[in-house]
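This briefing looks at the surroundings of a bound ligand and then at some backbone features. Please keep the sequence and the 3D view at hand while reading.

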Amino acid sequence: MERIRVGLIGVGRIATLHALAYKDSPDAELYAVCDANEQVARRRAEEWKATRWFTDYQQLLADPAVDAVEILTPHNLHAQITIAALEAGKYVSVQKPMAISVAECDAMIAAAKKSVKTMRVFENFRYYPACAKAKELLDSGAIGDALSIRMKVTMGRQGEWAPGRVIEAPIPTWRFDDRVSGGGRVALDYGFHIMALAIFFLGDVDKVFGWITYRPDQRGHILDSPAMIIWKYRDGERYGCWQVVNSDEIQVPTKYFAEDEWVEITGSKGFIWLNRCTASLLDRPVLVMQRDGVTTEYSNLDTDFGSSFVLGNRDWIRSILEGRQAPLSGEEGKIVTQFCRAAQLSAREHREVRLEEITA
Ligand SMILES: NC(=O)c1ccc[n+]([C@@H]2O[C@H](COP(=O)([O-])OP(=O)(O)OC[C@H]3O[C@@H](n4cnc5c(N)ncnc54)[C@H](O)[C@@H]3O)[C@@H](O)[C@H]2O)c1
């Protein structure tokens, strides 16, 4: 394959960030798009100069010119389209969350094992330059042994926050419909990013405890927030926590989504602070490290959240050309799914839950 021909399935909101990766790419071409909504499919094909457009994903998969597909649909379709694409002999990248159940994750892993083509689950936060730099610092021992992690998410007021700024379009309503989204706008949908990052930074998780409150948000959707999730890592006496709160009146400066994240990692010799990710709520250097009384600020990193999509998709394309597995593998995606579901089960049953308990 000289240049990989990619098909995007589900070209709604997030597809606009995925499409950026193919602009001027020497390695890949955005060849086809598919959306159940014909107007959307036509419009995107025109906008991105795709050769073909479809409304039925089976027809896109039947096109032998398509080498690889990205699945960017509502969550209840991730497993079925991934399996069909692998059976059709395509490479697959599927947006988070991997699927809506662990049984579906298992079926996707089995389909990938049967295929000579690979599947990866796309989680973009790890490609955000400040997250990648934090991981590089941790792995180089810059703060000694990583001992604990504290993660925070704030979801702010949706819609226009300041005249003349790029505004956030409302989140699609299907994300609050449990049958389509899998249930858990925060714990599963958003949580997939946070749990994946918690594992990326400090390793495998053993067990989880969670408190999750269900409250209507500013548009009347029932949101699983505020929530507090705590966990124990498998390796050593090491703990992590994630606190999420929606503050309907907070104006979050953002080009993308009215929510932001920050992370503090304590090591045996110092600290790493990641001060933002999706938006730019905190007006501070994006990454700060403190060791031996010396504070180092990393101010020259690219802080555009959109770059994480470009970097993440280009890594996937390179992984195909180089014959390697891009993160997350199916097995890694399944563990993140178990982590999210374990937090929900814990909150329901008021007890700690081991990840292995989540089997279906
Ligand atoms: N930070 C992130 O990485 C991030 C942010 C937002 C969304 N997402 C994920 O991206 C995915 C899509 O979310 P979105 O916000 O773009 O949703 P969206 O509703 O804007 O887009 C989904 C599109 O899929 C289309 N679709 C539905 N059924 C289809 C079918 N059978 N065949 C083809 N197309 C079909 C819809 O018409 C729609 O245009 C989800 O997995 C979501 O969790 C990730």
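The ligand is surrounded by 24 residues, a residue being counted when one of its heavy atoms lies within 4 Å of the ligand, and the closest are Arg13, Asp35, His75, Lys96 and Trp174. This is a predicted model, in which local features need pLDDT of at least 70 and side-chain atom pairs count only at pLDDT 80 or more, while totals for chains, interfaces and linings use all residues. Residues are numbered from 1 along each chain as its sequence is written, and side-chain values use heavy atoms, with hydrogens and water left out.

**Polar contacts of the ligand**
- A side-chain N or O atom of Asp35 is 2.6 Å from an oxygen atom of the ligand, which is a polar contact in the sense of a pair of N or O atoms within 3.5 Å.
- His78 has a polar side-chain atom 3.2 Å from a ligand oxygen atom, and for the side chain of Gln95 the distance from an N or O atom to an oxygen atom of the ligand is 3.4 Å.
- Of the 850 Å² of accessible area that the ligand has on its own, the protein covers 87% (Shrake-Rupley method, 1.4 Å probe).

**The shell around the ligand**
- Two elements, α8 (185-202) and α9 (305-322), give two or more residues each to this shell, where helices are DSSP runs of H or I with at least four residues and strands are runs of E with at least two.
- The shell is made up of 11 nonpolar, eight polar and five charged residues, with Asp, Glu, Lys and Arg counted as charged and Gly among the polar ones.
- Domain 1 (4-125 + 309-327) and domain 2 (126-303 + 340-347) each provide at least three residues of the shell, with bounds from an automatic or database domain assignment.

**Backbone features**
- Most residues other than glycine have a negative phi, and most peptide bonds are trans.
- The peptide bond from Ser225 to Pro226 is cis, with omega near 5°, and Pro226 lies in the loop between β10 (222-223) and β11 (227-233).
- Lys49, in the loop between α2 (38-48) and β3 (52-54), has a positive phi near 55°.

Key
Polar contact = N/O pair within 3.5 Å; in protein donor to acceptor, adjacent residues only side chain to side chain.
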